[in-house]
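Biologist: I am new to this protein and would appreciate a guided reading of the model. Please begin with the overall picture and then take a close look at one part of the interior.

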Amino acid sequence: MNDFAYFAAVVRHGGFSAAARILGLPKSKLSRHISALEERLGVRLIERTVHRFRVTEIGQSLYGYCENMLREVDRAAKAVNEASGEPQGSVRISVPTGLLEGSLSAMLPEFLIRYPKVQLKVLATDQRVDIINDRLDLAVRAQLAEETDSELTMRVLSKVDLILVANKDLARTLSPSRGIECLADVPTVSFTSAMGECKDTDVWEFKGPDGMPYRHEHRPRMSCRSVPAVLEAIYAGVGVGLLPDHVCAEGLRAGTLVHLLPDYQMSQATIYLVFTASRGLPSAVRALVDFLVEQFRTLRATTIATGA
């Protein structure tokens, strides 16, 4: 293997003297290695005289194979170093703005503190990105319906239950015994997609305690893509709203928010982590995948434990 590497160095640097200086070997020793390789292969690789240096045709062909071999050796060494060493490098990830302002706002700084040699390049967008064409390593997606994509690896981070909440003052004016009818004349605030923001009405779909589906069509007083903005509007009493359970957990514990119609099953969203391959990921990308899976599992467990 060394003789092939020495031969590639001689061809790459255009002669024995230059290659010997780069490799830190005596020129005579380098020449002996090449002669031994030629003898072993039974071919002349380099024509050399006092005033002439020429790589033969078969030598040129062998040189191409040697360079490929050395590149693969270098890639293998890097892969081992990445697997056994500290994650480092940059990760390009896209995140919906609602998640970035919510759960991920605390997770990403914690990740960077845990892995000081990693740099994050975060694209905050509500548009569906193309992982390959946009040159992204990862994408976080939140969907109401489960999806699959044969060209991508999709890792479920969390199943998020949406719950109907209001501040305690507004909740006192409602009659839960009326079921879904208690929402008939109640002001609402709505978390909507970017495309949905131009619509005048929104529809919430529920499954009642009797197992029957229910729909509540309403005209929100405020529609917004920002989870914190919708939550603040609910706290202020602008209207009732449908939000992820973990987002409302603190307010429910403090008693400033009230979970409305708890016997009704609201919509459920799935948060996915999307990437192009499950094997051979750079160490920084793999570290972020594992970190987010861990964080969302902990977040879900905490939410369930608190009864939110």
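What percentage of the contacts in the protein with a separation of 6 or more comes from residues 24 or more positions apart? After that, please examine the largest nonpolar core: which residues have the most contacts inside it?

Modeller: The model is a predicted one, and every value below is computed from it. Of the contacts in the protein with a separation of 6 or more, 72% join residues that lie 24 or more positions apart. The protein contains 10 helices and 13 strands. Its 308 residues include 41% that are buried, while the protein exposes about 17,300 Å², of which carbon and sulfur atoms supply 51%.

In soluble globular proteins, nonpolar side chains tend to be buried together. The largest nonpolar core here has 46 residues, and those with the most contacts inside it are Leu-104, Leu-138, Leu-164, Val-240, Leu-288 and Leu-292. Helix H10, which spans residues 283–306, gives the most to this core, namely nine residues. Leu-104 repays closer inspection. With its neighbours within four places in sequence set aside, Leu-104 is in contact with Val-95, Leu-99, Pro-109 and Val-140, and also with Leu-292 and Phe-296.

A second core, separate from the one just described, has 19 residues, among them Ala-9, Leu-25, Leu-30 and Cys-66. Leu-30 also takes part in a contact between two helices, where it belongs to the H3 side. Helix H2 covers residues 16–23 and helix H3 covers residues 27–41; their axes come within 9 Å and cross at roughly 110°. The two helices are therefore roughly perpendicular to each other. On the H2 side, the contact is made by Phe-16, Ser-17, Ala-19, Ala-20 and Leu-23, and on the H3 side Leu-30 is joined by Lys-27, Ser-31 and Ile-34. By type, the residues of this contact comprise six nonpolar, two polar and one charged.

For contrast with these interior positions, consider Arg-219, which is found in the loop between strand S9 (213–218) and strand S10 (222–224). Its relative accessibility is 59%, and because exposed means over 50%, Arg-219 counts as exposed. Not counting residues up to four places away in sequence, Arg-219 touches Thr-188, Asp-200 and Thr-201. Arg-219 and Val-189 are 30 residues apart in sequence, yet 8.6 Å separates their C-alpha atoms in space.

Notes. Residues are numbered from 1 along each chain as its sequence is written. This is a predicted model: local features need pLDDT of at least 70, side-chain atom pairs count only at pLDDT 80 or more; totals for chains, interfaces and linings use all residues. Side-chain values use heavy atoms; hydrogens and water are left out. Helices (H or I, at least four residues) and strands (E, at least two) are DSSP runs, numbered from the N terminus. Buried means under 20% relative accessible area, exposed over 50%, partly exposed in between (1.4 Å probe, protein chains only). Contact means heavy atoms within 4.5 Å. Accessible areas come from the Shrake-Rupley method with a 1.4 Å probe; for residues, only the protein chains shown count as cover. Axes are lines fitted to C-alpha atoms, for helices over the stretch in contact, and angles run from 0 to 180 degrees between N-to-C directions. Angles under 35 degrees count as roughly parallel, over 145 as roughly antiparallel, 65 to 115 as roughly perpendicular and the rest as oblique. Ala, Val, Leu, Ile, Met, Phe, Trp, Tyr, Cys and Pro count as nonpolar, Asp, Glu, Lys and Arg as charged, and the others, Gly among them, as polar. A nonpolar core is a set of buried Ala, Val, Leu, Ile, Met, Phe, Trp, Tyr and Cys residues joined through side-chain atoms within 4.5 Å.
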